[in-house]
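Let's go through this structure the way you might in a study group, asking where each label comes from. Take a look at it first.

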Amino acid sequence: MPPHPHRPPELAWQVFRGSDVVRRGLLTRHQLRGASWVRLRQDVYADARLDRDHTLACRAALLRLPPGTLLAGPSAAHLHGVADAAGFRDDVHVLLPASARADAQPGVRVHQAPSSPERIGLLIPATAAAGPANTTRNGPADGPANTTTPGGNRPAIGLPSSTAVVATAIAEPGPVGGEPGLPGGPGRLLRSEPAVCAWESAVWSDPVRAVGIVDALLRMGRVSRTDLAEVADRNAGRPGGRRARWVFGLADPGARSAPESHLRVRLMLAGLPRPVARHPVRGPSGLVLHPALAWPEFRVAAEHDDPWHADPDRLDRDRQRCHQLQAAGWLVPRMTGGRLDRDFPVLVRDIRGALVARGWRP
């Protein structure tokens with residue numbers, strides 16, 4: 001029978017600095033190498049039972065960064081509920097206060113906040129902060145702290161008293177127990193507000209991935225078109241301002257998944273006219289269909305095969321949908337996963353041919 005794992009209660013479901021717990025006598029260096037723990041980065045360990053997701057990567061990165069650091073861009077989007085925004089092995093994006101500095105870490109992309117971040121919605125006057133001040137820590141009691149506010153906003157440690165780092169989500173009602181991925185307690189990881197993290201993602205990520213993040217934030221109701229226009233206007237003079245506005249213009253909340261968003265942008269970057277996500281098409285039987293992408297003006301549609309479409313029943317339903325669209329007078333070039341991966345130029349050629357046959361002039 002395998003030995004019972006040695007896991008002090010203080011470290012259950014936690015992320016911590018190895019040197020701290022050894023100094024405090026909670027674990028030995030030999031025990032740190034046991035199966036109960038996983039090494040995430042230099043001197044940072046976690047309970048091996050925690051999910052290997054981007055939230056865990058964020059928690060690990062913050063332990064070696066200055067107080068007041070915000071998770072930003074795709075990392076903030078992940079914490080706002082866009083699961084596809086970043087994975088466990090993707091870089092963690094962080095925004096440091098203007099006066100703070102941090103050593104380079106593998107897997108962490110550090111961005112510096114502007115000297116007047118209140119102009120872009122990151123900082124607000126401390127007098128506007130409300131609610132009781134509470135400081136919680138992710139990790140051992142003597143490790144670096146993440147300042148959080150379960151009931152309101154408060155100044156962040158290490159910033160001038162006239163300003164306070166505000167992550168909108170930490171003032172919103174969260175799931176019972178706090179941040180998803182954080183064990184019990186009211187802890188919340190500081191992150192850029194949704195509209196700001198959309199702008200950051202648009203500037204820092206490649207356009208295909210950035211549009212997928214913005215699509216999801218719009219679809220989930222975390223941001224509105226008005227929010228995006230306002231943050232674009234506030235940042236118009238900053239590097240990347242024109243790029244962000246262009247990315248926002250490509251967004252479509254009708255996309256149901258990141259692969260659909262990515263495909264739409266790839267087709268547009270290949271020179272095809274902009275398709276509409278989930279455009280309603282009434283079939284001969286009266287059933288309203290919603291193809292993944294459509295060019296209504298030319299009555300051309302494209303269906304996207306997701307990974308679960310390998311199920312025989314699902315494949316049969318997909319074929320029926322395709323036949324119904326064709327019966328309604330639409331051309332439907334088929335897009336399979338294999339074609340997207342291996343024959344994308346051929347797929348573009350087929351869709352281009354269908355559009356030209358229906359009157360499109362490149």
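Q: What makes R245 partly exposed rather than buried or exposed?
A: Keep in mind that this is a predicted model. R245 has a relative accessibility of 39%. Buried means under 20% and exposed means over 50%, so R245 lands in between and counts as partly exposed.

Q: Why is the pair D233 and R245 called a salt bridge?
A: The closest N and O atoms of D233 and R245 are 3.1 Å apart. The cut-off is 4 Å between a side-chain nitrogen of Lys or Arg and a carboxyl oxygen of Asp or Glu, so this pair qualifies. As for the idea behind it, side chains of opposite charge can pair when their charged atoms come close.

Q: Which helices hold D233 and R245, and what does the pair tie together?
A: D233 sits in helix α7 and R245 in helix α8 (residues 241-250), so the salt bridge ties together parts that are twelve residues apart in sequence.

Q: How do you know that A232 is buried or exposed?
A: Check the number: A232 has 2% relative accessibility. That is under the 20% cut-off, so A232 counts as buried. A232 is in helix α7 (residues 225-234), and it touches W199, R245 and F248, leaving aside residues up to four places away in sequence.

Q: What makes helix α5 largely enclosed?
A: Helix α5 covers residues 194-204, and eleven of its eleven residues are buried, so the rest of the structure largely encloses it. Among these buried residues are W199 and W204. The cover over them includes α4 (73-79), β5 (92-96), β6 (108-112), α6 (207-219), α7 and α8.

Q: Why does the pair E260 and R278 count as a salt bridge, and which parts does it tie together?
A: The closest N and O atoms of E260 and R278 are 2.2 Å apart, which is within 4 Å, so the label fits. E260 belongs to helix α9 (residues 258-269), while R278 is in the loop between β11 (276-277) and β12 (281-282), so parts 18 residues apart in sequence get tied together. Both E260 and R278 are buried.

Q: How many salt bridges does a search of the whole structure find?
A: Ten. Another one of them joins D43 and R17, with the closest N and O atoms 2.9 Å apart. D43 is in the loop between β2 (37-41) and β3 (44-47), and R17 is in strand β1 (residues 15-17).

Q: What makes the aromatic pairs in this structure stacked or edge-to-face?
A: Look at the angles, because planes under 30 degrees apart count as stacked and those over 60 as edge-to-face. There are two aromatic pairs here. F16 and W37 have 85° between their planes and 5.4 Å centre to centre, so they are edge-to-face. F16 and Y45 have 15° between their planes and 6.3 Å centre to centre, so they are stacked. Together, F16, W37 and Y45 form one aromatic cluster.

Q: Why does F16 count as buried or exposed?
A: F16 has 0% relative accessibility, so it counts as buried. W37, at 6%, is buried too, and so is Y45, at 15%.

Q: How do you know that the charged end of R266 sits over a ring?
A: The charged end of R266 is 3.9 Å from the centre of the ring of F344. The distance limit is 6 Å, and the charge must also lie within 35 degrees of the ring normal. R266 is listed as sitting over the ring of F344, so it meets both conditions.

Terms used: Residues are numbered from 1 along each chain as its sequence is written. This is a predicted model: local features need pLDDT of at least 70, side-chain atom pairs count only at pLDDT 80 or more; totals for chains, interfaces and linings use all residues. Side-chain values use heavy atoms; hydrogens and water are left out. Helices (H or I, at least four residues) and strands (E, at least two) are DSSP runs, numbered from the N terminus. Buried means under 20% relative accessible area, exposed over 50%, partly exposed in between (1.4 Å probe, protein chains only). Contact means heavy atoms within 4.5 Å. Rings of Phe, Tyr and Trp (its six-membered ring) pair if their centres lie within 6.5 Å; planes under 30 degrees apart count as stacked, over 60 as edge-to-face and the rest as tilted.
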